[in-house]
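Me: I would like a close look at a single part of this model, together with the parts of the chain that surround it. Please set out the criteria behind each term as it arises.

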Amino acid sequence: MSTNKHKGTKFESFLKEEGLLDVAEAIAIKRVIAFELKKNMEKKHVSKTEMANKMHTSRSALDRLLDPSNTSITLNSLVKAAHFLGKKLRVTFA
C-alpha cells in the first residue's frame, strides 16, 4: 500500500501545499513573455542591442527580460516589452 499523501491529487494542489504554486506560476508567465519576445525579435530581425535601444534600456536588462527563469523584472520593462510586441500590458487580480 502506498504512503504517498499526494497520490491522486492535482499537481496544482501539491504545489500549493508545498508553498511552490506562486513560484511556478511566475516562472510559467515569464517563460511565455521571454518566448514571445524572442519570437518577435526573430520575426522582425531585431538584434538584442537594437531591441535594448528601442526599449530605452540596457542590454543586461534585456537579457534579464529574455531569461525565462529570471522572474525579477520590473513593471516598466514589461510595459516596454508589450509596446514592442504591439500590445498593452494588462494586470488583473483574480
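The reply below concerns helix H5 and its surroundings.

Reply: The structure is a predicted model, in which local features need pLDDT of at least 70 and side-chain atom pairs count only at pLDDT 80 or more, while totals for chains, interfaces and linings use all residues. Residues are numbered from 1 along each chain as its sequence is written, and side-chain values use heavy atoms, with hydrogens and water left out.

Confidence is expressed as pLDDT, the predictor's confidence in each residue, from 0 to 100. The chain has a mean pLDDT of 85, and 90% of its residues reach 70 or more. Among the elements of the chain, H4 has the highest mean pLDDT, 92, and helix H1 (residues 11-17) the lowest, 80.

Helix H5 spans residues 75-84; helices here are DSSP runs (H or I, at least four residues), and strands are likewise DSSP runs (E, at least two), numbered from the N terminus. Burial is judged by relative accessible area: buried means under 20%, exposed over 50%, and partly exposed in between (1.4 Å probe, protein chains only). By this criterion Ser 77, Leu 78, Ala 81, Ala 82 and Phe 84 are buried in H5. Viewed down the axis of H5, these buried residues fall within an arc of 155°, so they line one face of the helix; the arc is that of the directions from the helix axis to the C-beta atoms. The face turned away from that buried side carries the exposed residues Leu 75 and His 83.

The cover over the buried residues of H5 includes helix H2 (21-43), helix H3 (48-54) and helix H4 (59-66), where contact means heavy atoms within 4.5 Å. Ser 77 illustrates the buried side: this residue of H5 has a relative accessible area of 15% and is therefore buried. Not counting residues up to four places away in sequence, Ser 77 touches Met 55 and Leu 65.

Leu 65 belongs to helix H4 and is buried, with a relative accessible area of 1%. Leaving aside neighbours within four places in sequence, the contacts of Leu 65 are Lys 30, Ile 33, Ala 34, Leu 37, Met 55, Ile 73, Ser 77 and Ala 81. Ser 77 and Ala 81, both among the buried residues of H5, are thus met again in the contact list of Leu 65.

On the accessible side, Val 79 of H5 counts as partly exposed, at 42% relative accessibility. Val 79 joins Leu 75, Leu 89, Val 91 and Phe 93 in a nonpolar surface patch with about 550 Å² of accessible area together. Patches are made of residues with over 30% relative accessible area and no salt bridge, like charges being joined within 9 Å and nonpolar side chains (Val, Leu, Ile, Met, Phe, Trp, Tyr) within 5 Å. The areas come from the Shrake-Rupley method with a 1.4 Å probe, and for residues only the protein chains shown count as cover. Val 91, a member of this patch, has its C-alpha atom 17 Å from that of Leu 65, the two residues being 26 apart along the chain. H5 is followed by Gly 86, whose phi is positive, near 75°.

The helices that cover H5 also carry charged pairs. A salt bridge is a side-chain nitrogen of Lys or Arg within 4 Å of a carboxyl oxygen of Asp or Glu, and a search of the whole structure finds four. One of them pairs Lys 48 with Asp 63, the closest N and O atoms being 3.4 Å apart. This pair links distant parts of the chain, since Lys 48 is in helix H3 and Asp 63 in helix H4, 15 residues apart. Asp 63 also meets Arg 59 in a salt bridge (3.7 Å, N to O); both lie in helix H4, four residues apart, about one turn of the helix. Salt bridges that share partners thereby join Lys 48, Arg 59 and Asp 63 into one network. Each member is partly exposed: Lys 48 at 34% relative accessibility, Asp 63 at 31% and Arg 59 at 41%.

In helix H2, Glu 36 and Lys 39 are three residues apart, separated by about one helical turn. Their salt bridge has its closest N and O atoms 3.5 Å apart. Glu 36 is partly exposed at 27%, as is Lys 39 at 40%.
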